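Hi,

Here is the structure I promised to pass on. Have a look at it first, and then read my notes below.

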Amino acid sequence: MHFTLLTLFAEMFPGPLGVSIAGKALQKGLWSYDVVDIREFGFGKFKQVDDDPYGGGTGMVMRPDVLGQAIESIDHQHSKLVYMSPRGKRFDQQMAYNWVDHGNVSIVCGRYEGIDERVIEHYNIEEVSMGDVILSGGEMAALMAMDACVRLVDGVISKESALLDESFGQNADYAGLLEYPLYTRPLEWKSCEVPEVLTSGNHKKIAQWRLDQAKKVTKLRRPDLWASYERKDELLD
């Protein structure tokens, strides 16, 4: 898995992905990244990369001639080219799997009010959103998307079964559901005890309890996911 980041703030990478599981995987070469500093392609003494928007309005827009040169400096024709934008398609677990399958993703990290629309159209860039929220730039969104992908790369998570039962995991029983509640030692904490079924040793009952809890949590917290899960069940029936 390889990422190319086009950004004005190269020092933000690898950031949190340089530590813990992702950091160890980076050292092992299970994934890699490189950074392209967009400002290197800026104009004039101060390496200008933005300008006023046509039509007026507040803020500045990243210039197409600058960003275009940055994109041309990478092998964009053999890479999945995306732009982190609140206008984009919502990033989800399935998209993470798709990126990992592709293996080579280039991410444009915008700043200011955004980037010139002609760049998006000319390079057929896919806009991707991390949710209905505005960030200062695309770097934090890119790091989130990268983290979601890195942990799916073969060999990064030592126990691949851990990827199955988590929220949005690939376990057929839990597919489409949020993860069930988790407990560990001590058995009693602040007068609250671990559900008895989890200490029963009856794996069949434990599996059923976890599935029931996953359904309960999903129905309560994510009605949209629950509706999709119910539709899936109806089709199977």
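Histidine 2 has serine 32 as its bridge partner in β2. That pair belongs to a parallel pairing of β1 with strand β2 (residues 32–37), which runs over six bridges. Before I go further: this is a predicted model, so please read everything here in that light.

The connection between those two strands is worth following on your screen. Together, β1, helix α1 (residues 20–28) and β2 form a β-α-β unit, and it is right-handed. Two oddities turn up along the way. In the loop between β1 and α1 you'll find proline 14, and the peptide bond leading to it from phenylalanine 13 is cis, with omega near 5°. Then comes serine 20, which is part of helix α1. Serine 20 isn't a glycine, yet it has a positive phi of about 55°. With a relative accessibility of 54%, serine 20 counts as exposed, because the cut-off for that label is over 50%.

On the way out of the helix, look at leucine 30, in the loop between α1 and β2. Is it buried, exposed or something in between? Leucine 30 comes out as partly exposed, at a relative accessible area of 28%. Setting aside residues up to four places away in sequence, leucine 30 touches Met1, Ala25, Val153, Asp154, Gly155 and Val156. The C-alpha atoms of leucine 30 and valine 150 are separated by 8.5 Å, although these positions lie 120 residues apart along the chain.

Now to the other pairings. Strand β1 (residues 2–7) also pairs with β6, again in the parallel sense, over five bridges. One place to check this is leucine 6, which stands opposite valine 108 in β6. From β6 you can move on to strand β5 (residues 80–90): these two run parallel and are joined by four bridges. There, lysine 80 has valine 105 of β6 as its bridge partner.

So why call β6 largely enclosed by the rest of the structure? Buried means under 20% relative accessible area, and four of the five residues of strand β6 (residues 104–108) are buried, so the rest of the structure largely encloses this strand. If you are stepping through the strands, remember that in a regular strand the side chains alternate between the two faces of the sheet.

Helix α2 (residues 64–72) also has a good set of buried residues: Val66, Leu67, Gly68, Ala70 and Ile71. What covers them? The cover includes β1, β2, β5, β6 and α4 (117–122). When you look down the axis, bear in mind that an α-helix has 3.6 residues a turn, so residues three or four places apart point the same way.

Further along the chain there is a second cis bond to look at. It runs from arginine 185 to proline 186, with omega near 5°. Proline 186 is in the loop between α5 (138–150) and β8 (188–189). Lysine 190 follows in the loop between β8 and β9 (192–193), and has a positive phi of about 50° despite not being a glycine. Lysine 190 counts as exposed, at 63% relative accessibility.

Towards the end of the chain, arginine 222 has its place in the loop between α6 (203–221) and α7 (223–236). Arginine 222 is partly exposed, with a relative accessible area of 31%. Its contacts, leaving aside neighbours within four places in sequence, are Phe168, Leu178 and Val217. Between the C-alpha atoms of arginine 222 and glutamate 234, which are 12 residues apart along the chain, the separation is 19 Å.

Finally, some overall numbers:

- The protein chain has seven helices and nine strands.
- Its C-alpha trace spans about 70 × 40 × 40 Å along the principal axes.
- Of the 237 residues in the protein chain, 41% are buried.
- Taking contacts between residues at least 6 apart in sequence, 72% join residues at least 24 apart.
- The accessible surface is about 14400 Å², and 51% of it belongs to carbon and sulfur atoms.
- There are 26 positive and 36 negative charges, and their mean positions are 7 Å apart.

Cheers

Methods: Residues numbered from 1 in each chain as written. Predicted model: local features only at pLDDT ≥ 70, side-chain atom pairs only at ≥ 80, totals over all residues. Heavy atoms only, no water. Buried < 20%, exposed > 50% of the residue type's maximum accessible area, 1.4 Å probe, protein only. Pairing = 2+ DSSP bridges. Contact = heavy atoms within 4.5 Å. Areas by Shrake-Rupley, 256 points an atom, 1.4 Å probe, with all protein chains shown as cover. Lys, Arg positive; Asp, Glu negative; His and termini not counted. Charge placed at Lys NZ, Arg CZ, Asp CG, Glu CD. Right-handed = clockwise from strand over helix to strand, strands pointing away.
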